[in-house]
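The report that follows describes the fold and several local features of one protein chain. Please read it alongside the sequence and the coordinates.

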Amino acid sequence: MGMSAEGGDEERPMRRRRTWRWAFAALIVVFFAAAFASINAPKISLLGFTNKPCQCSDSRKYTGIVEDCCCDFETVDTINEEVLHPILQEAVTTPFFRYFKVKLWCDCPFWPDDGMCRLRDCSVCECPESEFPEPFKKPFHGLSSDNLICQEGKPEAAVDRTLDTKVFRGWVEIDNPWTYDDETDNAEMTYVNLQLNPERYTGYAGPSARRIWEATYRENCPKYPSGEFCPEKRVLYKLISGLHTSISVHIAADYLLDETANLWGQNLELLYDRVLRYPDRVKNLYFTFLFVLRAVTKAADYLEQAEYDTGNSAEDLKAQSLMKQLLYNQKLRAACPLPFDEAKLWQGQSGPELMQQTQKQFRNISALMDCVGCEKCRLWGKLQVLGLGTALKILFSVNGHEHLNQPLQLQRNEVIALVNLLNRLSESVKLVHEMGPSVEKIMEQQVTAPTAAKSSM
């Protein structure tokens, strides 16, 4: 008994040493296994971000040149974040760019309006006459014909990239040949403070809303066939698709999540379903952004000399300063000197005919804005379509086949619409670039999770 007890006491330390050896050996095996696995898997930090070295060419979904443009996706994102977005965000809050003149209530020229908005956010708060700037109320008496000197000596089919340097001769009341509304008719026009009427979710949906977009695409800019090499036939579809995408982004970014609590926020599922899951829509957003940016930079001399007069000298100087920063920014000029090359369009014998056809289709699209059954949707639809029509007018300073290369003349309202449109596109590009990858990852995980759960049952 005593011997057995004594021998047992001597064996305990030996068993402990053997146990520790096995544990140490197991720990070594686990360590090397983990090290080997880490070679093939990205490391995850405490914040949930991967520590894998950044390889932009692999991690970016959209790379290379934007189709039919002269800049790449990477440059657009960088320039937008560093230059364009900050300037535009500040510019649109100034009094000059804040007030937009619009005819909100017109009969739909195509069908009886049956659209109903169910939210109070659908209505527009109009400005009392005492609010909008006094210079905006002054009538324009027109320019003498001597001031309208046409540029001559240019081939009729060629698109001239330059504009007359002595460009600004005062704001004009002149109709835009690309849009349906008669901008010279001030009857029933009202001024709206855009800062008080943001573009956001309004509850406008159903057959009335769908019919607007269906008529836009089906009758006026059908999707070009796969492999279509004619850029003229692609451009209108891509412009409208890009604008549609931008509108969807803004609806998803400022969405009524809970009507009873009046809780607003981002609807990531809607952003994914309407935009991110369709790469072509994202690409068309970038195309439209560059197209409008090119129009702004092409009209740089005109926009620099323009009178940003609202009667508030400090704010007016600020607006003019911001426009100069936008028009002559060295980073922008160095990185993307020609966002879009309009001179490649309307060439050959069919050029004038294609332009007239495109102009007619775009006028029809602008007329459809009077069929929108939501007041606030109609406001932003009219503003952005006028902005796009102004971009077309600047890039192709032509009324059909007549008045080729006449000096550029813009209405005050056209410039307000153009800059606000560029700002809306800039916001959409920034949001898609910053949120797109994470939203896509979240939505893809939600799709794969139920599938994985079913397979494990």
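Helices (H or I, at least four residues) and strands (E, at least two) are DSSP runs, numbered from the N terminus, and two strands pair if DSSP finds at least two bridges between them.

## Basis and overall content

This is a predicted model, in which local features need pLDDT of at least 70 and side-chain atom pairs count only at pLDDT 80 or more, while totals for chains, interfaces and linings use all residues. Residues are numbered from 1 along each chain as its sequence is written, and side-chain values use heavy atoms, with hydrogens and water left out.

The chain contains 14 helices and four strands. Of its 457 residues, 47% are buried, where buried means under 20% relative accessible area, exposed means over 50%, and partly exposed lies in between (1.4 Å probe, protein chains only). Among the contacts with a separation of 6 or more, 81% come from residues 24 or more positions apart; a contact here means heavy atoms within 4.5 Å.

## The β1–β2 pair

Strand β1 (residues 99-102) and strand β2 run antiparallel and are joined by four bridges. Val 102 has Thr 190 of β2 as its bridge partner.

In a regular strand the side chains alternate between the two faces of the sheet. For β2 (residues 190-193), Thr 190 and Val 192 are buried on one side, and Tyr 191 and Asn 193 are buried on the other, so that both faces of the strand are covered.

## The β3–β4 hairpin

Strands β3 and β4 also run antiparallel, with three bridges between them, and Tyr 255 stands opposite Gly 265 in β4. The hairpin has four residues between its strands, and within it Asn 262 takes a positive phi near 55°. Asn 262 is partly exposed, with a relative accessible area of 40%, and the side chain of Trp 264, a residue of strand β4, makes a polar contact of 3.0 Å with the side chain of Asn 262. Such a polar contact is a pair of N or O atoms within 3.5 Å; within protein, one must be able to donate a hydrogen and the other to accept it, and residues adjacent in sequence count only if both atoms are side-chain atoms.

Thr 260 is placed in the loop between β3 (255-258) and β4 (263-265), and it counts as exposed because its relative accessibility is 79%. The side chain of Thr 260 is nevertheless joined to that of Asp 258 by a polar contact of 2.6 Å. Trp 264 also has a relation distant in sequence: its C-alpha atom is separated by 9.9 Å from that of Arg 200, 64 residues apart along the chain.

## Helix α7 and its packing on α8

At the N-terminal end of α7, Asn 267 acts as a cap, with a side-chain oxygen 3.4 Å from the backbone nitrogen of Glu 269. Helix α7 (residues 268-276) has Leu 270, Leu 271, Tyr 272, Val 275 and Leu 276 as its buried residues. An α-helix has 3.6 residues a turn, so residues three or four places apart point the same way.

The axes of α7 and helix α8 (residues 279-298) come within 7 Å and cross at roughly 80°; axes are lines fitted to C-alpha atoms, for helices over the stretch in contact, and angles run from 0 to 180 degrees between N-to-C directions. The two helices are therefore roughly perpendicular to each other, given that angles of 65 to 115 degrees count as such, with those under 35 degrees counted as roughly parallel, those over 145 as roughly antiparallel and the rest as oblique. Asp 273, Arg 274, Val 275 and Leu 276 of α7 meet Pro 279, Arg 281 and Val 282 of α8.

## Helices α6 and α12

Helix α6 (residues 231-253) packs against helix α12 (residues 351-368) at an angle of about 20°, with the axes 10 Å apart, and the two are therefore roughly parallel to each other. Their contact is made by Glu 232, Lys 233, Leu 236 and Ile 240 of α6 and by Leu 354, Thr 358, Gln 361, Phe 362 and Ile 365 of α12.

## Asp 77 and Asp 68

Asp 77 is found in helix α3 (residues 73-91) and counts as buried because its relative accessibility is 5%. Leaving aside neighbours within four places in sequence, Asp 77 is in contact with Arg 60, Tyr 286, Val 429 and His 433, and its side chain makes a polar contact of 3.2 Å with the side chain of His 433.

Asp 68 lies in the loop between α2 (56-59) and α3. Its phi is near 70°, a positive value in a residue other than glycine, and Asp 68 is partly exposed, with a relative accessible area of 28%.
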